[in-house]
Amino acid sequence: MKPLNPTPRILMGPGPSDAHPRVLKAMATPLIGHLDPEFVAIMDEVKSMVQETFITKNHLTFVVSAPGSAGMETCLVNLLEPGDECIICINGVFGGRMAEIADRCGATVHKVIAEWGTIIEPKQLKKALKKCPKPKLVALVHAETSTGVRQPLEEISDLVHNAGSLLMVDAVTSYCGVPLKVDEWNIDAIYTGTQKNLSAPPGMSPVSFSDAAVKVLENRKTKVQSWFLDLGLVKNYWAGAKRAYHHTAPVSSVFALREALAIVLEEGLENRWARHQRNHEYLKTQLEDLGFKFLVKKKYRLPNLNAVFLPKGVDEAKIRKQLLLDYNIEVGGGLGAFAGKIWRVGLMGESCTKNHVNILVGALKELL
């Protein structure tokens with residue numbers, strides 16, 4: 001077999017993002033056992049840093065040993081039982097995915113649907129709550145990766161809790177890139193990924209559950225349909241020195257995650273949020289000068305995931321392929337209704353620098 005030698009890329013798509021050299025070095029750290037006392041201490045450090053970056057004191061905060069979609073499934077399969085009612089808000093690919101999982105849990109799913117590229121309006125949720133006044137949970141996406149929409153959460157949260165329901169949030173593309181305040185916004189269940197603004201390798205999913213969500217879990221009448229994702233079992237694996245064996249953790253990925261979290265906290269969350277916004281503004285100016293137009297209204301744009309229409313007459317797939325093959329720059333194409341119509345340009349974590357913007361824009365000027 002040929003040696004493993006993939007072409008180095010400049011990652012400016014919807015994820016993964018470039019990894020810091022410290023993170024890559026951490027992955028090369030010699031393995032130790034996943035129940036080794038030293039690894040147990042590292043897991044405790046990771047849990048503490050995840051709490052700090054989620055801005056939460058939730059005790060049940062840990063990292064699922066699988067990518068963000070498994071974090072999504074962890075929240076839903078643990079909180080929903082057959083016959084439960086829930087409201088799922090859909091304005092892109094990942095709201096639709098939540099609805100599919102909730103349906104597989106045997107729940108009755110009430111959908112709130114908004115046009116792709118727009119937010120879920122509070123009035124839409126109010127209307128849904130009239131038809132389903134006491135759902136067990138309401139779920140929506142904070143940062144919709146398929147469209148670049150950032151969903152306001154505070155008014156939605158008030159509506160959900162006034163109905164006596166749990167609020168579940170997808171934060172895969174917002175975590176460590178834009179303000180996200182789990183306790184202040186009263187989020188009951190949240191999941192994210194490691195490969196976006198955190199700039200760690202893909203394959204793990206930080207999650208956090210409020211006391212109200214834990215109470216729902218403890219009062220289940222049926223077994224969780226997934227053994228691997230059953231919080232009743234896996235939470236004991238993250239329970240400090242007394243942890244019970246559940247599965248073999250991805251040791252090297254945990255090493256990398258610890259280092260990525262340390263880098264975030266060294267920079268400071270507010271500084272990191274400001275860096276993403278600053279470089280987004282620079283990218284916006286440069287792309288608009290080239291004839292690109294943004295899909296999402298300014299008020300609701302994600303700074304770290306920029307959904308843009310290309311200039312008229314440009315073959316998006318051809319130019320995107322040339323960027324990759326001739327310049328080693330990866331940007332993402334559109335999904336669903338926007339396939340072939342937009343690009344999704346990521347400015348995430350280590351890929352969120354002015355230099356990244358200049359490299360992309362310089363290449364586009366030559367190609368266009």
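Ile-87 stands opposite Val-138 in strand S5, and this pair is a good place to enter the structure. The model is a predicted one, in which local features need pLDDT of at least 70 and side-chain atom pairs count only at pLDDT 80 or more, while totals for chains, interfaces and linings use all residues. Residues are numbered from 1 along each chain as its sequence is written, and side-chain values use heavy atoms, with hydrogens and water left out. Helices (H or I, at least four residues) and strands (E, at least two) are DSSP runs, numbered from the N terminus.

Strand S3 (residues 85-90) and strand S5 (residues 137-141) run parallel and are joined by 3 bridges; two strands are said to pair if DSSP finds at least two bridges between them. Both strands belong to an open sheet of 7 strands with mixed pairing, in the order S2-S10-S9-S8-S5-S3-S4. At its edges lie S2 and strand S4 (108-113), each of which pairs on one side only. On average, neighbouring strands of this sheet are turned by 15 degrees against each other, direction ignored. For such angles, axes are lines fitted to C-alpha atoms, for helices over the stretch in contact, and the values run from 0 to 180 degrees between N-to-C directions.

Helices accompany this sheet. Helix H2 (residues 37-54) lies across S2, S9 and strand S10 (205-209), and runs at about 110 degrees to S2. Helix H6 (residues 154-162) also packs on the sheet, where it touches S5 and S8, and its direction makes about 145 degrees with that of S8. Contact here means heavy atoms within 4.5 Å.

The edge strand S2 (residues 60-64) includes Leu-60. With 10% relative accessibility, Leu-60 counts as buried; the classes are buried under 20% relative accessible area, exposed over 50% and partly exposed in between (1.4 Å probe, protein chains only). Leaving aside residues up to four places away in sequence, Leu-60 touches Val-207, Ser-208, Phe-209, Val-214, Leu-231 and Lys-235. One of these partners, Val-214, is 154 residues from Leu-60 along the chain, yet their C-alpha atoms are separated by 7.8 Å.

Another open sheet has 4 strands with antiparallel pairing, in the order S11-S12-S15-S14. Its edge strands, S11 (293-294) and S14 (332-333), each pair on one side only. S11 runs antiparallel to strand S12 (residues 305-309) and is joined to S12 by 2 bridges; the bridge partner of Lys-293 in S12 is Phe-309. Helix H11 (residues 316-327) lies across S14 and strand S15 (342-346), at about 30 degrees to S15.

Two helices also meet each other. The axes of helix H3 (residues 68-79) and helix H4 (residues 93-104) come within 10 Å and cross at roughly 45 degrees. H3 and H4 are therefore oblique to each other, because angles under 35 degrees count as roughly parallel, over 145 as roughly antiparallel, 65 to 115 as roughly perpendicular and the rest as oblique. On the H3 side the contact is made by Ser-69, Met-72, Glu-73 and Leu-76, and on the H4 side by Phe-94, Arg-97, Met-98, Ile-101 and Ala-102.

Some backbone details deserve a look as well. Most residues other than glycine have a negative phi, and most peptide bonds are trans. Gly-15 and Pro-16, however, are joined by a cis peptide bond with omega of about 5 degrees. Pro-16 is found in the loop between strand S1 (10-11) and helix H1 (21-27). Asn-186 is not a glycine but has a positive phi of about 60 degrees. This residue sits in the loop between strand S8 (166-170) and strand S9 (189-191), and Asn-186 is partly exposed, with a relative accessible area of 38%. Asn-328 likewise has a positive phi, near 60 degrees. The place of Asn-328 is the loop between H11 and strand S13 (329-330), where Asn-328 counts as partly exposed at 25% relative accessibility.

Finally, the cysteines: a search of the whole structure finds 0 disulfides, a disulfide being a pair of cysteine sulfur atoms within 2.5 Å. For Cys-86, the closest cysteine sulfur is in Cys-132, at 7.9 Å, too far for a bond. Cys-86 counts as buried, at 0% relative accessibility. For Cys-176, the closest cysteine sulfur is that of Cys-352, 13 Å away and again too far for a bond. Cys-176 is buried too, with 2% relative accessibility.
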